[in-house]
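What follows walks through one predicted model, a few sites at a time. The sequence and structure come first, and the text then moves from place to place.

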Amino acid sequence: MRSVSFYKRLILGAVFVIVLLPSIVCGILLAKNELLRRQLAALAFPSDDVVVAGSSQLEPTGIVRDKPLLSYQMLYPDFKSSFFGFKEDLAGDKTIFLTFDDGPSPGTDKLLDILRKREVKATFFVNGKSNRLLNEKLRRAAGEGHGIGMHSYSHRYNVIYSSMENFLDDFYRNYLYIKSETGVAPEILRFPGGSINIFNVSDYQALIAEVLRRGFIYYDWNVSAGDAMAGATTQSIVDNVVNGVHLCWGPAIVLMHDNGKPELQGALGTIIDRLKSEGYEFRPLDNSIKPPMFIYPD
Ligand SMILES: [Zn+2]
């Protein structure tokens with residue numbers, strides 16, 4: 001016959017084993033789980049590259065988010081555009097977009113005169129210039145109804161493509177330059193060297209994503225005039241553009257350069273006259289026009 005206190009202890013012991021022990025084990029496992037979850041989160045987002053967004057201020061699409069933004073996404077919050085979707089997909093159309101990179105230059109007026117005489121509007125993807133006379137040429141191009149887009153401020157590939165921060169810093173300067181000279185904030189851009197080039201081959205997807213996230217549309221080209229190449233002649237430029245346009249299905253975006261070369265000045269009028277007589281139409285680019293090229297390499 002055991003004592004009453006023995007049974008008391010037995011019952012208490014049973015309660016401990018059946019109820020309290022599993023609860024304690026549960027608590028320990030929960031704490032361990034929380035610790036592992038935090039370690040996993042830290043691995044997915046390195047802490048020094050993440051800031052928590054306080055608001056949706058940088059969302060051109062209007063999406064309200066409470067997820068972390070990458071630190072560079074917080075740079076230059078006013079460097080953005082309002083993109084509401086493409087209104088025009090010109091696939092199949094005989095539309096040509098003449099584009100001139102790298103200006104303004106001492107030769108801009110010559111190009112503008114040729115375009116004005118033929119009532120053709122083109123697009124100038126410009127760099128930053130701290131030259132008052134050149135800035136006047138940029139204002140003339142904008143004033144005459146040509147499209148104006150960004151093409152980086154410095155055009156120095158090794159700087160622009162060395163980091164996302166440098167890319168944004170340079171393009172933001174380009175954005176402010178165009179806005180202050182023309183009074184209109186640019187909405188389109190052309191990457192120096194195109195959206196995929198040997199300088200950005202390891203991070204072009206991030207660059208493109210960031211440009212699009214800020215509401216800008218970028219335009220590559222599907223016809224190259226070859227005017228910036230050594231040995232280019234007036235005839236070679238005419239042939240490159242006319243043959244290239246003939247090979248295009250849909251809108252042709254023609255790459256040329258505003259760098260004062262007489263060969264291009266000699267070719268431009270012939271190119272326009274020839275293609276106009278074949279029923280082609282010339283227009284300036286704006287962000288309502290769907291770019292024909294958004295292709296990543298395999
Ligand atoms: Zn360029």
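Leaving aside neighbours within four places in sequence, D227 is in contact (heavy atoms within 4.5 Å) with A232, I237, L255, M256, H257, K261 and L264. The model is predicted, so local features need pLDDT of at least 70 and side-chain atom pairs count only at pLDDT 80 or more, while totals for chains, interfaces and linings use all residues. Residues are numbered from 1 along each chain as its sequence is written, and side-chain values use heavy atoms, with hydrogens and water left out.

D227 sits in the loop between β8 (223-224) and α7 (234-247). Helices (H or I, at least four residues) and strands (E, at least two) are DSSP runs, numbered from the N terminus. D227 is buried but forms no salt bridge, and K261, the nearest side chain of opposite charge, is 7.0 Å away. Buried means under 20% relative accessible area, exposed over 50%, and partly exposed in between, with a 1.4 Å probe and protein chains only. A salt bridge is a side-chain nitrogen of Lys or Arg within 4 Å of a carboxyl oxygen of Asp or Glu. For charge, Lys and Arg count as positive and Asp and Glu as negative; His and the chain ends are not counted. A polar atom of the D227 side chain lies 2.8 Å from the backbone nitrogen of H257.

H257 belongs to strand β9 (residues 252-257), which pairs with β3 in the parallel sense over 6 bridges. Two strands pair if DSSP finds at least two bridges between them. T99 of β3 has L255 as its bridge partner in β9; L255 is also one of the contacts of D227.

Strand β3 (residues 95-101) has 7 of its 7 residues buried. In a regular strand the side chains alternate between the two faces of the sheet. On one side of β3 are T95, F97, T99 and D101, on the other I96, L98 and F100, and all are buried. With strand β4 (residues 123-126), β3 pairs in the parallel sense over 3 bridges, and D101 is partnered there by F125. A further 2 bridges join β3 to strand β10 (residues 281-282), also running parallel, with F282 as the partner of I96.

The next site is the metal. D102 (OD), H151 (NE2) and H155 (NE2) coordinate the zinc ion at 2.1 Å. Donors are N, O and S atoms within 2.8 Å of the metal (3.2 Å for Na, K and Ca); water is not among the atoms, so sites may look incomplete. The donor residues are spaced D-x48-H-x3-H in sequence. H151 counts as buried because its relative accessibility is 2%, whereas H155, with a relative accessible area of 24%, is partly exposed.

Another acidic residue, D170, lies in helix α5 (residues 164-182). D170 is buried without a salt bridge, and the nearest side chain of opposite charge, R173, is 5.9 Å away. Beyond its neighbours within four places in sequence, D170 is in contact with S152, Y153, S154 and I160.

I188 lies in strand β6 (residues 188-189) and, at 4% relative accessibility, counts as buried. Its contacts, neighbours within four places in sequence aside, include T123, F125, I148, G149 and M150, as well as L285 and N287. The C-alpha atoms of I188 and G147 are 9.0 Å apart, with the two residues separated by 41 places along the chain.

Last comes helix α6 (residues 204-213), where Y204, L207, I208, E210, V211 and R213 are buried. Just after α6, G215 takes a positive phi of about 90°.

Notes. A polar contact is a pair of N or O atoms within 3.5 Å; within protein, one must be able to donate a hydrogen and the other to accept it, and residues adjacent in sequence count only if both atoms are side-chain atoms.
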